[in-house]
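Me: I would like a close look at one part of this model. Please take a pair of packed helices and set the pair in its chain.

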Amino acid sequence: MVPLFACLFLMLIGLYAVVTKRNIIRIIIGFSLVEYAVNLFFTMVGFKRDALPPIITDVAQPRNFVDPLPQALVLTAIVIGLATTSMMLALAMRIYEKYRTFDITEIRRLRG
Amino acid sequence: MIELYVLLAAMLVAALVAIQIKDLLAAAVALGIVGFSIAIMFILLQAPDLAIVQIVVETLTVVFFAAVILRTTNTDTTIAGGLKRELVFPTVAYVTFGLVLLVLVGRALAELPSFGSPTMLVAREYIALGLEKTGAANVVAAIILDFRGYDTLGEVTVLFAAVVGVLTIMRRAGRKEQNSEGRD
Amino acid sequence: MESTFLPLLVALPMLAAFLIPLFAKLWQRSADLIANAAGAALLGLSAYGAVRLFTDSHTIVYRIGGWASTLGITLVYDHLTALVALALNVVGLAALLFSVRYLDHYTGRWKFFSLFMLVLAGLNGVTITGDIFNMFVFIEISAIASYALVAFGTDFDELEAGFKYMVIGEIGGIAILLAIALLYAKASTLNMAVVSQVMAEFGHTPLFWCIVATFLVGFAVKMAMVPFHAWLPDAHPSAPAPVSALLSGVFIKVLGVYAMCRVMFNVFGLSRTNAPAFFNLLLAFGVLSIVAGGVLAYAQKDYKRLLAYSSISQIGYILIGLGIGNYWAIVGALFHVLAHALGKGLLFLTSGSVEHATGTRDLDKLSGLEKKMPLTVWSYLLGSLSLAGVPPFAGFFSKLFLIIGAVSAKMYWLAILAALFSTVTLGYLMKVADKAFFSHKDREPTAARESPTTMVLAMLVLLVLTVALGIGFKPVLDKLVGPAAQVLLNGLGYARTVLGG
Amino acid sequence: MRGMSSIVQQIARLLAGVLFLFGTYIVLHGHLTPGGGFAGGVLIAASFILVSLAFGSVEQTERNSYTLSSVVESLGGVLFVSLALAGYVAGTFFFQNASIYGTGNPLQLLSGGIILPANIAIGIKVGAGLFAIFLALGASRFVMKD
């Protein structure tokens, strides 16, 4: 259970940055942390003690493997994470170009 | 499993550094440390596919962060030295929220199969059938490109959306000039 | 193989999205053609599927790659899917048609159409999928494309709104992924039908509620129910008008309402009888959304921002329909999904038309458009009458069914609230008409005239459908909305129809 | 973007070649060993990024490589969808594997049916796409016209 809790803890750290930080880059870093935490959590779900990675090296070998499905899903999730991070960075860069600051309290033209 | 715990601790410390350090480039590097320790954990968790992808993705992420930070500004003006009074209340509230959440989720997590012994309801079939049905020795590859190839089509499309999206956002002028006088 | 049309609903817009950059290098305008052709084909495909359902009312199931349903990914087309897919593709096609001339304001034509096709691919993918992780992937496709579309103008407001939308929206997406991880840890399978069978044996334990709550947070963000709504009033007005029409009309309903219904009703088998707490929570969120959205809409001075707040309020109606949870209330909610998709799509298109003609959305600066843009003005008026629930338009029937449901569940105060806020809806929608169309100020906008043909045509399509949906509500109710409500009420029976069929 | 010193350039040139080859290897062996189209594609993108960082480039070259990479990316996407549709058009299933491609000899390079060509399509697409993102984010004063 401890590793799973560590993942949740990492998620909370990232979420803390997203919620309280005022610097846009910091928010993106926090977001990346949340996403890593979920990926790691998902992988841990499929971990099996004393088992091998799910790659067949010999047709006749006994197949005592960890769960391959979460790995396939996390692979997709990592790619999605890269896609979102790069788009957030692009937005951040354009916002800096326009407003000359990363401080979200100064970037507030749209009213509540 | 002692390595796993050491790495988890290192990961948490690096994460705290990443969200607190004043220098943004250092924060991006700390994020990289989190990512690389996760990559090593993937190896310990018997997921070499993920480890490879995580390493290359992490490298690229840090490169992207560095590209943006070097083109803009490196110092975080919002983090002043010492404790800030207006941050005390949200932090305390957040920590309380986090603890309550952990206790609640802890009760829920206790019902999961214990760490290291997954149920593997469908996974068993993938392992048994993977090589015979698809011809791929790497069961993960068999899943992402054959059994669940449709997901991978989606994944490729997400990346495509991000590429077109980044190119869209980086356009210098979104609107054409001659129509702009009517706007304020 | 009567189900072979299903993968095309996703493959076609994806192929269009990939091809548009290639062909646009040769000829700029080919983007319009490819996108509109793909949009029309999508509408045709979803209509074909709906007709198949009407004739032999058999849930259409397609197994990708021919794998067994536990191994591969299953596509499912039942009445609920048909309802959402039809609304989605109608509004999508109208918005595409509208974009052709509207985009004359903007640079980057092919990027717009490519992203638009990706949003449509994602939304169609979410509606037809029968696999829970696959749903997440397609949610992300449409969400990521929509972030870029919101920031399409790349000006101060658009970038700020885009960033805000992206951070909040992605937190929602991550919540859904976490919920899937927890669900997989317990159920150890991803096919929704199989998951529902596994979870049914499992009972309502803390872990079960933990998974439900995590999913709910994710979908709540996506549908902008009131405490999770902060992004919507910025994001929807900032997008180009056809995108606002798509986002407000169908996006929040597919990613939020449809996905939530599918997961909560069909996968977790929740119903008013076995989980009253959950349904009361939906009611509370619904009432909060109706009241907050309605009151805030009244205070707005920006044409599109007012409509965006109105969307929050209308999502509230759908939520209380689901929260009451009996047949008529769910029929009302689903009917409102249709009525609001058409109506709000139409209203956002008129906002684009007004902006195209005058260059502003500020209600204090607009005036006297009634003479100059009669078609736009009449589309607006009829569309807002429908949304406000004036007979005989579509919105009237959705609210009628909702109130019937509330009364038969003995929740009279909800019936009163729904009726009361219908008048509030009418009030704030008429405020726009009063200020922008019928008032006469000293400085009239100079060269305002009716929009080009394709834009008017797009509005008329939605207008005609809104009126037709109201007048011809009976066959729609019998053939589409009623059976769709039955799909939700059927709960865990979903698994039998998918796996057995 | 300015280039870097000639020592860096020489090392980058060597390293980029190695990275590119290694990326190609990972793409081609995705069905046998860990890794696959995505990991290999990122490595291929990294080799291009390395060269462009070390040598720098004038705006015109950047714009050309941006156009080229976005075209190549679209082509990769079309290729992948076509692979998926091939089974469909041939009358069987969307994402049909074994019956039209054959599974080959297990544990050999030419095995795994659809998986090898799909990996190649993904590798092309990811490599080109990520390089385009890097150009957009990292290139200095790189003005995107339309």
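Reply: Here is the helix pair, followed by the chain around it.

This is a predicted model, in which local features need pLDDT of at least 70, side-chain atom pairs count only at pLDDT 80 or more, and totals for chains, interfaces and linings use all residues. Residues are numbered from 1 along each chain as its sequence is written, while chains are lettered from A and ligands numbered from 1 in the order in which they are written.

Take helix α6 (residues 156-187) and helix α8 (residues 206-223) of chain C. Helices here are DSSP runs (H or I, at least four residues), and strands are runs of E of at least two, numbered from the N terminus. Two packed helices are described by the angle between their axes and the distance between the axes. The axes of α6(C) and α8(C) come within 8 Å and cross at roughly 155 degrees. Axes are lines fitted to C-alpha atoms over the stretch in contact, and angles run from 0 to 180 degrees between N-to-C directions. That crossing angle makes α6(C) roughly antiparallel to α8(C) (angles over 145 degrees). The crossing is left-handed: the near helix is turned anticlockwise from the far one by less than a right angle.

Which residues make the contact? From α6(C), they include Ile168(C), Gly172(C), Ala175(C), Ala179(C) and Lys186(C). From α8(C), they include Leu207(C), Ile211(C), Phe215(C), Gly218(C) and Lys222(C). Contact means C-beta atoms, placed from the backbone, within 7 Å. By class, the contact has 14 nonpolar, five polar and two charged residues. Nonpolar covers Ala, Val, Leu, Ile, Met, Phe, Trp, Tyr, Cys and Pro; charged covers Asp, Glu, Lys and Arg; the others, Gly among them, are polar.

Now the chain around the pair. Chain C has 20 helices and two strands. Its C-alpha atoms fill a box of roughly 70 × 60 × 45 Å along the principal axes. Of its 501 residues, 69% count as buried (20 or more other C-beta atoms within 10 Å). Among contacts in chain C with a separation of 6 or more, 80% join residues 24 or more positions apart.

One loop residue makes a useful example. Thr107(C) sits between α3 (79-102) and α4 (109-128) of chain C. Thr107(C) is buried, because 21 other C-beta atoms lie within 10 Å. Its C-alpha atom is 9.2 Å from that of Phe152(C), 45 residues apart along the chain.

Chain C also touches chain D. That contact takes 14 residues from chain C and 16 residues from chain D. The chain D side divides into nine nonpolar, six polar and one charged.

Notes: A residue is buried if 20 or more other C-beta atoms lie within 10 Å of its own, exposed if 12 or fewer, and partly exposed in between; C-beta atoms are placed from the backbone. Two residues are in contact if their C-beta atoms, placed from the backbone, lie within 7 Å. Angles under 35 degrees count as roughly parallel, over 145 as roughly antiparallel, 65 to 115 as roughly perpendicular and the rest as oblique.
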